[in-house]
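Please work through the exercises below with the sequence and the coordinates open beside you. Each task is followed by a solution in steps.

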Amino acid sequence: MTNWLITGCSTGFGRVLAEKALARGDRVAATARRPETLAALAQQYPDTALCLELDVTRPDTIASAIAAARDRFGRIDVVVNNAGFGVQGAVEEVSDAQIHELFAVNVFGVIDVIRAALPTLREQGGGHIVNVTSVGGRTSVPLVALYSACKFAVEGLSMGLAMELEPFGIKVTTVAPGAFATNFANRVEPPASRLPAYDATHDAINSVLEGMAYADPAGCVDLILQVVDAAEPPRQIVAGGFALSAVEQVMTAQMEEMKAWRAVSEAADAG
């Protein structure tokens with residue numbers, strides 16, 4: 001039996017993951033900013049579901065949720081950072097307030113959950129931190145540069161964190177989903193002010209999004225379950241064919257560019 005603490009369980013990946021983990025007999029501390037949205041889980045699984053308030057921008061709720069999960073289950077085996085939202089707009093279209101909130105939730109909120117959970121994970125001698133990022137954390141496209149900046153930050157954080165925590169038996173994995181039919185798109189904010197200079201870019205990106213095929217989020221959740229159950233889980237994994245293809249294309253292009261500029265890069269040592 002695995003003991004989970006999952007953020008952002010009201011909808012999307014978080015909700016499906018909580019449901020699937022509970023259905024297979026695990027114990028889950030399912031959290032959300034509005035815990036009343038989790039009432040059905042508590043009713044269906046009164047002995048194994050613990051539904052709690054957790055707003056990643058409020059450290060007091062993070063601390064209380066972790067304490068409640070530890071007290072109820074005795075330990076926390078897996079911490080899943082899933083809560084987040086997006087903004088779709090050109091960098092100069094997005095307001096200061098939107099940028100600050102974007103990073104507060106998607107970056108600083110993740111860091112605060114991790115920092116609050118680590119004493120428990122270290123004391124119990126192990127655990128697994130799963131950070132749900134995005135294909136946008138391994139590549140980027142116009143109008144999501146700021147969102148990608150958040151997800152790139154979590155990917156980089158997780159890479160170094162995995163090395164820091166290895167001596168304590170704590171594993172870290174980033175899961176980068178591609179195109180899945182979650183409620184995430186409904187929580188993507190438009191920019192504070194649309195600029196006519198970017199109208200063509202908005203039209204092009206919206207056209208791509210409208211024609212995109214979205215997979216069942218249950219497939220990504222099954223991937224997370226496999227990763228958590230693995231004796232040697234990956235530190236980075238992408239979810240879905242769309243994400244895999246996009247990341248492969250970006251990595252190939254990066255290697256080609258690096259090779260093309262290799263002599264210039266090496267010459268920098270000469271001063």
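The exercises that follow concern two loop residues and one pair of helices in a predicted model.

**Exercise 1.** Determine where Asn82 lies, whether Asn82 is buried or exposed, and which residues remote in sequence it contacts.

*Solution.* Begin with the secondary structure, which places Asn82 in the loop between β4 (78–81) and α4 (96–124). Next take the relative accessible area of Asn82, which is 14%; because the cut-off for buried is under 20%, Asn82 is classed as buried. Finally, set aside the neighbours within four places in sequence, and the contacts of Asn82 that remain are Thr7, Gly8, Phe13, Gly14 and Val132.

**Exercise 2.** Describe the surroundings of Ile76, a residue in the loop between α3 (59–73) and β4.

*Solution.* First, the relative accessibility of Ile76 is 2%, so Ile76 counts as buried. Second, Ile76 touches Asn3, Leu5, Ile66, Ala69, Arg70, Leu121 and Gln124, when residues up to four places away in sequence are not counted. Third, Trp4 is 72 residues from Ile76 in sequence, yet their C-alpha atoms are 6.0 Å apart in space.

**Exercise 3.** Characterise the packing of α4 against α5 (residues 145–165).

*Solution.* The two helices pack at an angle of about 15°, and their axes are 9 Å apart. Because angles under 35 degrees count as roughly parallel, α4 is roughly parallel to α5. The crossing of α4 and α5 is right-handed. By class, their contact has 17 nonpolar residues, 1 polar residue and no charged residues; among those taking part are Ile99, Phe103 and Asn106 in α4, and Tyr147, Cys150 and Leu157 in α5.

Conventions:
Residues are numbered from 1 along each chain as its sequence is written. This is a predicted model: local features need pLDDT of at least 70, side-chain atom pairs count only at pLDDT 80 or more; totals for chains, interfaces and linings use all residues. Side-chain values use heavy atoms; hydrogens and water are left out. Helices (H or I, at least four residues) and strands (E, at least two) are DSSP runs, numbered from the N terminus. Buried means under 20% relative accessible area, exposed over 50%, partly exposed in between (1.4 Å probe, protein chains only). Contact means heavy atoms within 4.5 Å. Axes are lines fitted to C-alpha atoms, for helices over the stretch in contact, and angles run from 0 to 180 degrees between N-to-C directions. Angles under 35 degrees count as roughly parallel, over 145 as roughly antiparallel, 65 to 115 as roughly perpendicular and the rest as oblique. A crossing is left-handed if the near helix is turned anticlockwise from the far one by less than a right angle, and right-handed if clockwise. Ala, Val, Leu, Ile, Met, Phe, Trp, Tyr, Cys and Pro count as nonpolar, Asp, Glu, Lys and Arg as charged, and the others, Gly among them, as polar.
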